Amino acid sequence: MKIICIGQNYRTDNTTVPEKPLFFMKPETSMVVRNRPFFVPDFSKELYYEIELVLHINKVGKCIQPRFAHTYYDAIALGLDFTAMDVLRQCKEQGLPWETAKAFDYSAPIGEFIKKEELGDLNNLHFQLMKNGECVQDGNSSEMIFNFDNIISYVSQYVTLKMGDLIFTGTPAGAGPAKINDFLEGYLNGTRRLRCRIK
Ligand code: MG
């Protein structure tokens with residue numbers, strides 16, 4: 001399986017709106033499941049959290065048209081796209097690939113998947129990230145620049161989607177630093193669906 005991540009998919013004050021989705025990938029070894037802790041890697045002094053809605057792909061597809069894209073995912077979870085921000089800054093400055101900043105081990109904690117039928121209007125999914133009990137990110141799927149169907153259609157032009165693949169769909173404003181002993185909790189439509197202790 002593979003993890004595809006969309007960048008810059010919510011309007012924030014300091015980002016320009018992209019004309020088409022930006023995506024990168026994380027390997028299977030970046031996953032953290034069952035609310036296990038996240039261990040800060042030695043190579044970064046500036047670890048950032050990004051709470052995101054994550055799609056679970058349920059069948060093989062290539063060059064999927066937007067109007068059929070909704071049939072290619074069956075469940076949604078909350079995930080954290082952990083980023084070594086100091087490393088990412090260097091990668092961008094030097095025009096290097098992002099893997100050392102984004103694809104490292106355990107950089108993708110993922111909460112429980114909820115069947116999409118149980119989530120109501122998928123264009124109005126409210127999600128929040130709490131850090132030590134305080135809300136630090138607050139987003140809604142209605143605020144995405146590229147919606148789920150457009151993301152699936154775009155990515156599948158380049159990469160065949162397979163059952164079990166995951167798509168992180170971008171983070172709303174408020175991504176920020178996480179430090180050892182912080183406790184992160186993700187809420188989807190008011191219910192806690194992700195927990196992550198930073199160690
Ligand atoms: Mg992200």
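Reader: Is Arg 89 buried, partly exposed or exposed, and at what relative accessibility?
Author: Happy to start there, and note that this is a predicted model. Buried would need a relative accessible area under 20%, and exposed one over 50%. Arg 89 falls in between, so the class is partly exposed, at 41%.

Reader: Which residue forms a salt bridge with Arg 89?
Author: The closest N and O atoms of this pair are 3.0 Å apart. Arg 89 lies in helix α1 and the partner in the loop between β3 and β4, so the contact ties together parts that are 43 residues apart in sequence. The partner counts as partly exposed because its relative accessibility is 23%. That partner is Glu 46.

Reader: Nice. Which residues are the protein donors of the magnesium ion?
Author: The donor residues follow the spacing E-x1-E-x28-D in sequence. Their donor atoms lie 2.0 to 2.1 Å from the ion. One of them sits in the loop between β4 and β5, and another, 31 residues apart from it, in the loop between β6 and β7. The donors are Glu 50, Glu 52 and Asp 81.

Reader: Which residue meets Asp 81 in a salt bridge?
Author: Good one to look at in the viewer! The N to O distance is 2.9 Å, and both side-chain owners are buried. Asp 81 lies in the loop between β6 and β7 and the partner in helix α2, so the pair ties together parts that are 21 residues apart in sequence. The partner is Lys 102.

Reader: How far apart, N to O, are the side chains of Glu 185 and Arg 192 in their salt bridge?
Author: Glu 185 counts as buried because its relative accessibility is 11%. Arg 192 is partly exposed, with a relative accessible area of 36%. Their side chains meet at an N to O distance of 2.7 Å.

Reader: And which residues do salt bridges with shared partners join into one network?
Author: The structure holds seven salt bridges. One that we have met is the pair of Asp 81 and Lys 102. Through shared partners, the network joins Lys 26, Glu 50, Asp 81 and Lys 102.

Reader: Which strands stand at the edges of the open sheet of four strands?
Author: The order is β11-β10-β14-β15, with antiparallel pairing. Each edge strand has a single partner, so one side of it is left without a neighbour in the sheet. The twist averages 15 degrees from one strand to the next. The edge strands are β11 and β15.

Reader: Which residue in β15 stands opposite Phe 183?
Author: Strand β14 covers residues 183–188 and pairs with β15 in the antiparallel sense over six bridges. Opposite Phe 183 stands Arg 197.

Note on methods
Residues are numbered from 1 along each chain as its sequence is written. This is a predicted model: local features need pLDDT of at least 70, side-chain atom pairs count only at pLDDT 80 or more; totals for chains, interfaces and linings use all residues. Side-chain values use heavy atoms; hydrogens and water are left out. Two strands pair if DSSP finds at least two bridges between them. Helices (H or I, at least four residues) and strands (E, at least two) are DSSP runs, numbered from the N terminus. Axes are lines fitted to C-alpha atoms, for helices over the stretch in contact, and angles run from 0 to 180 degrees between N-to-C directions. Donors are N, O and S atoms within 2.8 Å of the metal (3.2 Å for Na, K and Ca); water is not among the atoms, so sites may look incomplete. A salt bridge is a side-chain nitrogen of Lys or Arg within 4 Å of a carboxyl oxygen of Asp or Glu. Buried means under 20% relative accessible area, exposed over 50%, partly exposed in between (1.4 Å probe, protein chains only).
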